[in-house]
Amino acid sequence: MKHILTLFLLVVLFFSCQKTPNEVIIENLKCEYLQNPIGIDNETPRLSWQLTSSTNGIAQKAFQIILGTDSLFMAKSQIWDSGKVDSDKNLVKYSGPVLQPFTKYFWGIQVWDNHGTSSISKVATFETGMMHMSNWKGSWITDTRDIELKPAPYFRKEFKPYKKIKSARAYVAVAGLYELFINGEKIGNHRLDPMYTRFDRRTLYVTYDVTKNIKNGENAIGILLGNGWYNHQSTAVWYFHEASWRARPSFCLDLRIEYEDGSVETVSTDNSWKTSLSPVIFNSIYTAEHYDARLEQPGWNIPEFDDSGWKEASYTPAPSGNIVAQTLHPIRNVEKILPDTMRKFDDFTYVFDLGRNIAGVSQLKVSGENGTIIKLVHGELLNEDGHVDLSNIDVHYRPTDDSDPFQTDIFILNGKGEESFMPRFNYKGFQYVEVKSDKPILLNQNSLTGYFMHSDLPQAGKIKSSNPTINKIWVAGNNSYLSNLFGYPTDCPQREKNGWTGDAHIALETGLYSFDGITVYEKWMADHRDEQQPNGVLPAIIPTDGWGYHWANGPDWTSTIALVPWNIYLFYGDTKILEDNYKNIKRYVDHIDEISPNGLTDWGLGDWVPVKSRAPKELTSSAYYYTDASILSQIAAILGYHEDEKKYAQLAAKIKNSINIKYLDEDSGIYGSGMQTELCVPLFWGIVPDRLIEKVAANLVKKVEEDSFHIDVGILGGKAILNALSENGYANAAYRVASQETFPSWGWWIVNGATTFYENWNIEAKRDLSLNHIMFGEINAWFYKALGGIKPDPKQPGFKNVLLKPYFVEGLDSFSAEHDGPYGKIISSWKKEDNKVFYSVTIPPNSSATISLSGKQILIDNKSIGLPI
């Protein structure tokens with residue numbers, strides 16, 4: 001018996017502080033989804049907050065935001081007062097006077113709750129950056145036009161402030177990658193800034209607070225530039241070395257110093273800056289980095305360094321006419337990993353095992369003779385003889401000689417005691433590092449350290465179950481998701497590092513349930529807009545140098561243009577991403593409509609890397625085409641474009657009808673030949689006619705039973721299979737599939753030692769065998785959606801109303817899921833004891849939940865709610 005009830009504001013929260021009854025605390029104030037950001041360019045930034053309380057039933061009834069240029073909000077400094085607004089919203093766009101560049105704004109909020117009590121937040125801040133291109137003072141500079149020159153360039157500039165400094169900000173825009181130094185100290189802990197974009201259409205700049213780094217007297221700024229994706233000197237099948245934007249790395253910098261007397265001085269890039277080649281003798285974002293410590297110039301980035309042998313910098317054109325702020329969570333060295341083991345072959349060869357697969361870098365500390373050449377080979381596999389094997393990840397590399405070995409850093413020692421090396425402008429995918437030297441060196445297990453690098457997103461969810469394999473699957477899935485997030489989602493961190501659209505939308509919900517990823521996805525959708533052709537076509541990989549417009553870019557992959565904005569809207573309740581991308585989605589859908597007048601399309605890759613059965617490409621591509629049209633219609637309704645709402649609803653109905661006419665046998669309830677993907681994809685995406693859902697679902701579970709409750713799908717079926725089963729009455733069967741530990745299954749990877757998700761179900765496959773791929777990652781989202789039962793409500797998105805429908809599946813004794821949504825922490829937890837299921841729910845203040853449960857009797861707080869048996 002199903003019972004549906006709505007619980008308003010059931011709050012079960014624990015605080016370390018004491019509060020009086022009904023006390024409400026306003027916390028987690030953010031601007032543009034970041035806490036106290038600096039250097040934003042948005043003229044109408046979004047402000048958000050959350051409520052916490054120890055009292056059940058708290059709801060916001062009104063709010064008032066005050067914003068000014070000091071933290072006391074004195075009348076003369078007050079810029080905006082929203083007035084008391086009767087609303088339960090916790091996400092508001094700034095709508096006051098025009099924000100000025102280079103300005104720190106303070107803001108706070110007062111909230112009135114449903115008990116008539118008001119609460120006042122602590123003060124939060126945000127700081128504007130350039131705001132407009134015209135505010136840049138510096139010029140773009142480089143050292144040479146030679147794109148084949150291998151060593152990375154140093155740049156330096158000395159300056160001397162003459163007054164007492166109030167604040168100082170460095171604004172750095174780079175074509176390529178960089179590290180910034182002031183007086184010898186590296187500024188910030190970001191890695192691989194700025195994020196990868198279509199450089200000739202959009203270039204990002206980063207802002208730093210360097211007030212504490214500048215001293216009285218002489219100061220020096222140092223910049224080290226790296227190639228990144230801008231000047232790709234390695235050669236692979238995607239032709240990045242032939243990118244139309246390719247040039248020697250360059251940069252523009254403004255160091256804006258505000259003095260106590262209110263005056264401003266800006267130290268900017270021009271041809272008075274000096275430049276020299278650095279010890280980074282080669283760097284490739286794709287392959288590795290080479291460093292010759294004999295070429296070090298101690299003190300190059302501090303005052304009074306003798307740069308008489310350096311040359312003047314050269315002016316160069318800006319890479320694009322669109323230099324905008326990088327407003328997202330940065331890449332960092334997030335986790336330090338010590339090796340599990342070290343095997344010494346001899347004094348020339350050592351192999352380190354980190355015990356897990358990661359994306360990132362290794363750091364080596366070593367002593368040796370001057371001129372000793374050390375190679376660090378990074379890989380996911382070992383040969384039978386114990387040496388690192390690259391054969392599963394170097395298949396797309398096309399080297400022109402042996403000077404740039406794949407995933408192999410080269411470190412040349414200067415012989416001056418213990419030396420340390422860690423790449424600055426590269427990352428790799430690896431578990432093992434083989435250290436090879438041309439002269440004897442003495443290493444121990446502590447000589448090498450691994451660093452797990454990725455976009456450093458706040459964690460937004462976790463799960464825990466009574467099944468250890470399920471727990472390990474979730475951890476491995478998260479490891480692969482993060483290993484493939486470097487300012488844009490990628491397929492793998494070693495063989496390609498490409499922004500494959502299909503992999504990204506498959507893993508989208510997996511990422512959003514576990515991590516607060518909106519800033520990265522908003523940036524990536526800007527990449528989509530940059531890459532879209534006038535006719536609506538998108539490339540299969542984004543960003544791209546031009547590869548991917550000719551192959552693999554059908555709707556089963558590039559539906560990211562609709563799926564990403566729609567899911568961000570569902571998870572965050574923010575319409576901005578819908579507004580920003582509406583015209584692009586429309587252009588994309590219109591193009592498919594133009595080339596597919598019958599409502600069917602076979603444009604795409606199909607169910608990539610299946611177990612044994614491959615569904616018709618036309619069926620799966622048309623299913624995504626239908627989904628795009630359906631999403632477009634819903635977005636049009638939300639944004640008030642009612643003619644478009646009708647138009648695209650009709651188009652979606654046409655596509656759905658065309659699919660069913662061609663592929664559905666209504667008598668048998670079979671799509672096509674009845675493969676798992678052929679059945680689960682129409683079920684999951686809502687293509688099956690309502691009257692036949694039960695019949696098609698029964699055929700799906702029958703097919704799964706025939707396969708001994710194992711998957712027989714590729715990545716498109718992998719997105720749909722578990723959801724299609726659990727959402728249509730077969731949650732127990734879905735769990736049996738999800739928890740399998742024999743081939744083919746996620747658990748098969750785990751019991752064979754996987755710490756990340758693989759590219760292929762067959763762990764002995766001869767191709768398509770990256771050991772760190774996220775394209776089969778939907779299972780992690782399914783844990784939240786099915787076992788935890790947590791879903792956003794499309795009618796009240798952003799988890800304003802939480803849909804809770806957990807399945808208490810056979811074979812699992814307990815399960816708990818948590819998700820930190822825009823209103824706070826949601827917890828859905830259950831355990832089985834004595835033939836009973838104990839279910840606990842936590843819903844944050846100012847939100848509600850609709851709970852759907854099945855059982856013979858349901859008790860709330862040990863009291864029956866009187867359900868009939």
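**View 1. Ser-465 reaches the backbone of Asn-467.** In this predicted model, a polar atom of the Ser-465 side chain sits 3.1 Å from the backbone nitrogen of Asn-467. Ser-465 belongs to strand β37, which covers residues 461-465. With a relative accessible area of 8%, Ser-465 counts as buried, because the cut-off for that word is under 20%. Which residues does Ser-465 touch once neighbours within four places in sequence are set aside? Its contacts are then Ile-470, Asn-471, Leu-812, Ser-814 and Phe-815.

**View 2. Strand β45 is largely enclosed by the rest of the structure.** Strand β45 takes in residues 848-854, and six of its seven residues are buried, so the rest of the structure largely encloses it. How many bridges tie β41 to β45? There are four, and the two strands pair in the parallel sense. Strand β41 itself is made of residues 801-804. To find your way around this pair, look for Leu-804, which stands opposite Ile-851 in β45.

**View 3. An open sheet of six strands pairs in the antiparallel sense.** Reading across the sheet, the strand order is β16-β15-β18-β13-β21-β24. Which strands form the edges? They are β16 (185-186) and β24 (311-312), and each of them pairs on one side only. Zoom in on the β24 edge and you'll find strand β21 (residues 274-277) joined to β24 by two bridges, with the strands running antiparallel. Here Lys-274 stands opposite Glu-312 in β24. A handy reminder when you look at any strand: in a regular one, side chains alternate between the two faces of the sheet.

**View 4. A cis proline helps line the largest cavity.** Three cavities of 30 Å³ or more turn up in the model, and the largest holds about 110 Å³ of space. The largest cavity is lined by 14 residues, and the closest to its centre are Leu-177, Leu-192, Pro-194, Tyr-196 and Trp-229. Take a second look at Pro-194: the peptide bond joining Asp-193 to Pro-194 is cis, with omega about -10°. Pro-194 lies in the loop between β16 and β17 (203-209).

**View 5. Phe-743 and Pro-744 are joined by a cis peptide bond.** Omega for this bond is near -5°. Where does Pro-744 sit? Look in the loop between α13 (731-738) and α14 (746-751). For background, most peptide bonds are trans, so a cis bond is worth a glance.

**View 6. Two loop residues other than glycine have positive phi.** Phi of Phe-709 is near 55°, while phi of Asp-834 is near 50°. Most residues other than glycine have a negative phi. Phe-709 is in the loop between α11 (693-706) and α12 (715-726), whereas Asp-834 is in the loop between β43 (824-833) and β44 (836-842). Is each of them buried or exposed? Phe-709 counts as buried at 11% relative accessibility, but Asp-834 is exposed, with a relative accessible area of 70%.

**View 7. Two cysteines are buried in a structure without disulfides.** Cys-492 has a relative accessible area of 0% and is buried. Cys-680 is buried too, with a relative accessible area of 0%. How many disulfides does a search of the whole structure find? The search comes back with zero.

Note on methods:
Residues are numbered from 1 along each chain as its sequence is written. This is a predicted model: local features need pLDDT of at least 70, side-chain atom pairs count only at pLDDT 80 or more; totals for chains, interfaces and linings use all residues. Side-chain values use heavy atoms; hydrogens and water are left out. Buried means under 20% relative accessible area, exposed over 50%, partly exposed in between (1.4 Å probe, protein chains only). Two strands pair if DSSP finds at least two bridges between them. A disulfide is a pair of cysteine sulfur atoms within 2.5 Å. A polar contact is a pair of N or O atoms within 3.5 Å; within protein, one must be able to donate a hydrogen and the other to accept it, and residues adjacent in sequence count only if both atoms are side-chain atoms. Contact means heavy atoms within 4.5 Å. On a 1 Å grid over the protein atoms alone, a cavity is a set of points where a 1.4 Å probe fits but cannot get out, and a pocket is an open set with protein on both sides within 12 Å along at least five of seven lines; lining residues have an atom within 4 Å of a point. Grid points are joined across faces, edges and corners, and a volume is the space filled by probe spheres set on the points.
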